[in-house]
Amino acid sequence: MATLGAYSKKHKVTVVGSGNWGSAIAKIVAENAKEHPGLFEEEVQMWVYEEELTVPTTSKHYDPGSKFSIQPHKLTRLINHFHENVKYLPGIALPTNLVANPSLEESVHDSTILVFNLPHQFISGLCDQMKGHILPYARGVSCIKGVAVDSEDVRLFSESIGEKLGIYCGALSGANIANEVAQEKFSETTIAYDPPPMDSRTPSRNPTPRATTPQGGTPSSSQLDLTAINEHKDTRGKTSKVKLIVPPPDLAPIDHNLLKTLFHRPYFHVQVVSDVAGVSLGGALKNIVAIATGFVAGLGWGDNAKAAVMRVGLLEMVKFGKMFFSNSVHTGTFTEESAGVADLITSCSGGRNYRCAKMSVERKVSIEEVEREELNGQMLQGLSTAKEVYGFLKAREKEAEFPLFVGTYRILQGEVKVENLPDLMGK
């Protein structure tokens, strides 16, 4: 674990987002910030999209004689008064050092570590609001699952955040159902963070001073100045557009050890890797496989069929990563980490995409109809991901390389029947 050592300043942490998953992550971060006063400021800020409500009648805090139960109050006030997000994470006690703040600019002020946990469609607008209000040497971790895909490119949310704000941002993903994590039921996650050269003393696939070593010489601390390097590689192996600002030397470096200290709990085990693309892709592509698994479950074909779909799906996830992010993706991210195989198993066992696909076959209706009836306005990520991935593959004439991904899309489009999935997978 990270230790303070000679560092005189502490990291300030802000969580941007306060839904159920945002609040669950904020709970973890605040617990660890309090337990490691040598590394982190005790107070953790959580930005909250402000709204007004009364305490729900189902809440343990409901009191017919209380002003909070009779009159609407700001959500931030309710969170800070009851130390509970009564709307999005009811019944879960939040640490007293976690402070809800309705001002995005105030909540990120002077923060060295920014944890992003909000719906992906709000990333761009919120980053625009944050510009000019964050430390130039801040670093980020995105807990936003998935990637943005169109026929032109695959974009990682972490890199979109980094480019918008001019910082480096990693990613967190895994088999993490928010309510179970908040209830402190054991689970694991994966953090992907490839420390820029000036941030870390550990080897990285990013450019190292070794590249500037005179022929026949060996680099030494007297010859090399990591802080002089402001470039780093993106997940495609290209030099990033972002020119990073070196963190001050009196702050502990944000590396794998420090991130594990910030996020690891007895009930929430963390593995830290450098494969940001693999971790991000796992959180997106598993939704396509979950839909396909739900299809065969709806047909009543049993566990053998579901296992076959998951096996082929995992192989296609690996192939997609290696084909389009060959400079950074590792097979082990998909086959060994929570962000890969574990998240796939969870999603294919009871996730929304699986359940809605299963119900669509059982009811003999479109999955869009099930989505409207069952999800109260929420959207199935698997539907858009299947369409976007298909368009991306078609633009590159790679459909034949990914028969499960393409077959699932064709079923969703009504081009082929669900019963034909085994034949489609075998092509």
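Buried here means under 20% relative accessible area, so Phe82 makes the cut at 16%. Keep in mind that this is a predicted model. A search of the whole structure turns up 9 aromatic pairs, and a couple of them are worth a walk-through, along with two arginines that sit over rings.

**Phe68 and Phe82**
- The ring centres of Phe68 and Phe82 are 5.4 Å apart with planes at 70 degrees, so this one goes down as edge-to-face.
- Phe68 belongs to helix α2 (residues 67-70) and Phe82 to helix α3 (residues 75-82), so the contact links distant parts of the chain, 14 residues apart.
- Phe68 has 5% relative accessibility and counts as buried; Phe82, at 16%, is buried too.

**Phe320 and Phe402**
- Here the ring centres of Phe320 and Phe402 lie 5.8 Å apart and the planes make 65 degrees, which means another edge-to-face pair.
- Phe320 comes from helix α10 (residues 302-324), while Phe402 sits in the loop between α15 (381-395) and α16 (403-412), so the pair ties together parts 82 residues apart in sequence.
- Both of these phenylalanines, Phe320 and Phe402, are buried.
- They're also part of a cluster: ring pairs join Phe320 and Phe402 with Phe324, Phe392 and Phe405.

**Arginines over rings**
- Arg396 lies over the face of Phe392, 3.8 Å from the ring centre, and Phe392 is one of the cluster members.
- The charged end of Arg236 sits over the ring of Phe325, at 4.1 Å from its centre.

Note on methods. Residues are numbered from 1 along each chain as its sequence is written. This is a predicted model: local features need pLDDT of at least 70, side-chain atom pairs count only at pLDDT 80 or more; totals for chains, interfaces and linings use all residues. Side-chain values use heavy atoms; hydrogens and water are left out. Rings of Phe, Tyr and Trp (its six-membered ring) pair if their centres lie within 6.5 Å; planes under 30 degrees apart count as stacked, over 60 as edge-to-face and the rest as tilted. Helices (H or I, at least four residues) and strands (E, at least two) are DSSP runs, numbered from the N terminus. Buried means under 20% relative accessible area, exposed over 50%, partly exposed in between (1.4 Å probe, protein chains only). A charge sits over a ring if NZ of Lys or CZ of Arg is within 6 Å of the ring centre and within 35 degrees of the ring normal.
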